[in-house]
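Biologist: Please take one part of this model and go through it closely. Then carry on to the core and the strands.

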Amino acid sequence: MKPFRRTLVPIAAAVLALVMAAPALALDLDVDDELDSDTQPAAAPAGGGAAAATDPRYVWDLSTIFKDDAAWEAERQALLAEVPRLTALREGFGRDAASLRAGLDRLSAINQRARRFFTYASALASTDNRNPRHQERSGQARAVWGQIGSATAWVDGALRDIGPVRIEAYLKAEPGLAKHRVRLQEVQRLARHQLTPEAETALAAMSPAMSATTQIRTLLVTTDIEWPTITVDGQPVKVDNIGYQRLRAHPDRAVRQQAFDAFFKTYARFQGSLGAALAQRVDAGVANARLRQYPSAVAASLAANDIPESVYRTLVAETNKALPTLHRYLKLRQRLLKLPDLAYHDVYPDIVTAPRRYSPEDAAELTLAAVAPLGAPYQKQLREALAARTMHVYPAPGKSSGAYQSGVYGQVPLIFLNHQDTFDSVSTYAHEWGHGMHTLQANGAQPFETASYPLFLAEIAAFTHELLLADHVKKTAKTREERVFYLGEAIERIRGAFFRQAMFAEFELATHDAVQRGEALSGTRMTRQFCDLLRKYHGADAGVMRIDPSVCTEWAFIPHFHRPFYVYQYATSMAAATHFTQQLLTGNPAARDTYVGLLRSGGSRHPVPLLKDAGLDMNSPAPYQALVRHMERLMDELESLLPAAPANPA
Ligand SMILES: [Zn+2]
């Protein structure tokens with residue numbers, strides 16, 4: 001069972017972060033969430049037993065962030081006392097180079113403190129959401145964040161008013177401004193897409209109304225819709241988002257089929273309302289792009305990190321060329337599952353049984369061994385970080401689902417897991433520590449101001465760890481069955497993280513392009529569009545997989561469509577990570593230095609030029625060709641093992 005689980009910010013938190021973050025103060029907590037659903041299946045019993053939830057080896061020590069609650073509360077009071085001073089900072093801000101530097105240094109210091117403050121509260125809350133004190137603390141943290149945001153909302157406007165010519169002169173005159181260069185140049189770069197102050201104020205006032213559609217969808221799906229119940233193994237099971245995700249990997253094909261039917265036919269009954277909600281989200285994106293004079297909604301969305309629209313369109317075009325590789329995998333899956341034909345409900349069951357269980361200690365050992373190609377200093381740094389007691393390892397009552405990494409500048413990052421002793425958990429462990437090492441490398445090389453990296457880069461570091469792990473376990477497997485298992489896992493991971501996300505990216509492009517052409521969207525129309533994509537990606541016309549029309553409402557199940565042009569970064573990152581992993585596995589020290597150099601760059605430059613300097617052009621087919629070559633090789637290897645080692649039918 002593997003819903004795609006780890007990646008950034010649970011969606012509610014992400015939306016909140018966007019709402020709360022004033023332009024002057026960006027809160028981009030690097031937190032992972034699952035790509036598929038609103039909620040994850042409830043955690044199975046902890047692999048380490050009930051005591052593991054409190055065993056100090058498996059529970060993080062937050063006292064290095066704040067000594068105790070009283071220290072956190074004292075900081076809350078101190079930050080609140082800063083708020084009026086932040087508003088007053090406007091007086092004389094940027095009058096000359098020295099005052100600009102003093103002002104920006106002060107804002108940076110507050111930003112750093114506020115992030116630390118927020119991280120402590122949200123980390124505690126995620127370990128037990130039922131605890132009222134945790135809820136209260138989270139609310140207080142958000143309130144402080146909001147007040148700081150409002151009190152510094154004037155900053156970008158003030159920076160624009162200084163203008164590019166004076167900013168450049170200031171940068172020359174005052175060397176201490178160098179660490180703020182990225183920020184200063186970003187404000188100037190995006191200035192031409194700013195509206196008049198009156199229009200910006202009006203839009204800001206309207207924004208809660210404009211984002212209501214996301215909440216409408218959430219309420220419909222989690223509260224209003226009455227989900228059907230089916231009988232499985234003599235027990236009634238409700239087929240809501242959680243039940244569906246459990247049942248879609250069920251070994252009995254008839255159960256899967258029944259679950260898919262019940263689930264997606266229910267979505268079909270609500271496709272009118274759910275379609276209207278999503279259509280409004282798309283309309284808002286297109287309107288925003290037009291108002292701000294971007295050529296398209298996708299261009300407007302990618303502008304924040306200066307990623308050209310062509311990068312997105314290259315992903316879609318190259319994935320289409322790569323579909324024969326996906327089709328080969330689907331046929332292989334059919335063979336391994338020993339099915340007479342293949343349908344969409346056959347995507348999730350495991351093709352091979354796992355050879356063993358994996359403790360967190362096993363996960364640590366495997367991850368450490370797997371990163372050897374990154375060099376001894378990297379391995380040593382990871383070893384030390386693993387011992388720093390910053391992990392929250394096992395599931396526990398009230399604990400959030402999924403996994404995330406959250407960085408505190410100058411410290412070993414927090415790693416939040418729900419370890420289940422499966423290989424999937426080992427992969428998650430490696431993934432999150434990929435983020436963790438990225439944070440450590442960037443923090444070691446960059447000042448606070450340029451240490452944070454965007455998602456476009458973040459997932460590359462995480463997937464590179466996963467791919468190195470996949471390579472390591474495959475090479476050290478002791479039996480043929482074990483190797484078949486690891487190969488199957490590796491290939492399936494590419495399907496889920498690359499092909500599925502690229503298909504979503506293409507759907508988002510299709511819906512936005514339609515509105516930009518002046519066409520109207522509806523639930524029925526989206527179902528048709530999604531059907532076309534499902535059929536194309538899964539080779540329905542070539543007889544690879546049957547796509548029953550009833551599953552075409554799957555778009556309504558994907559919450560991330562309410563966060564447009566976001567998931568494509570999982571696909572681009574998986575492709576880029578494949579390229580870097582291939583380079584690293586050659587053992588060439590230059591490849592290692594290039595890759596570690598990329599991590600150390602943090603957010604000091606935009607991701608696309610950074611990657612280009614690291615030898616990877618995201619506007620070219622190269623990353624996608626690397627991914628296809630890799631997947632084909634994995635399948636060659638898997639097929640070569642099959643005749644003598646027939647896999648267990650799931
Ligand atoms: Zn991630």
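Modeller: I begin with one helix, then turn to the core, the domains and the strands.

This is a predicted model, in which local features need pLDDT of at least 70 and side-chain atom pairs count only at pLDDT 80 or more, while totals for chains, interfaces and linings use all residues. Residues are numbered from 1 along each chain as its sequence is written.

Take helix α15, residues 323-337. Helices (DSSP runs of H or I, at least four residues) and strands (runs of E, at least two) are numbered from the N terminus. α15 has 15 residues. From first C-alpha to last, α15 reaches 21 Å, close to the 21 Å expected at 1.5 Å a residue. The expected span is 1.5 Å times one less than the number of residues.

Which residues of α15 are buried? They are Thr325, Leu326, Tyr329, Arg333 and Leu336. Buried means that 20 or more other C-beta atoms, placed from the backbone, lie within 10 Å of the residue's own; exposed means 12 or fewer, and partly exposed is in between. These buried residues cover an arc of only 100° around the axis, which puts them on the same side of α15. The arc is that of the directions from the helix axis to the C-beta atoms. An α-helix has 3.6 residues a turn, so residues three or four places apart point the same way.

What covers that buried set? The cover includes α21 (480-516), α22 (523-537) and α26 (622-641). Just after α15 comes Lys338, with a positive phi near 55°.

Now the core. The largest nonpolar core has 160 residues. Such a core is a set of buried Ala, Val, Leu, Ile, Met, Phe, Trp, Tyr and Cys residues joined through C-beta atoms within 7 Å. Phe498, Ala505, Ala571, Met574 and Leu627 have the most contacts inside it. Helix α21 gives the largest share of this core, 16 residues. Domain 1 (63-194) and domain 2 (212-324 + 498-562) both give residues to the core, so it lies between them. Those bounds come from an automatic or database domain assignment. The domain centres, taken over C-alpha atoms, are 37 Å apart.

Look at Phe498. Beyond its neighbours within four places in sequence, Phe498 is in contact with Ala571, Met574, Ala575 and Leu627. Contact means C-beta atoms, placed from the backbone, within 7 Å.

Next, the strands. β1 (229-232) and β2 (235-238) pair in the antiparallel sense over four bridges. Two strands pair if DSSP finds at least two bridges between them. Ile230 has Val237 in β2 as its bridge partner. The two strands form a hairpin with two residues between them. Asp233, in the turn, has a positive phi of about 50°. Is Asp233 buried or exposed? Asp233 is exposed, with 8 other C-beta atoms within 10 Å.

Asp421 also deserves a look. Its phi is near 65°, a positive value in a residue other than glycine. Asp421 sits in the loop between β5 (414-416) and α18 (423-445). With 21 C-beta neighbours inside 10 Å, Asp421 counts as buried.

Strand β5 belongs to an open sheet of three strands, ordered β3-β5-β4, with mixed pairing. β3 (391-392) and β4 (404-406) stand at the edges, each with a single partner strand, so one side of each has no neighbour in the sheet. β4 and β5 pair in the antiparallel sense over three bridges. Here Ser406 has Leu414 in β5 as its bridge partner.

How values were computed:
Contact = placed C-beta atoms within 7 Å.
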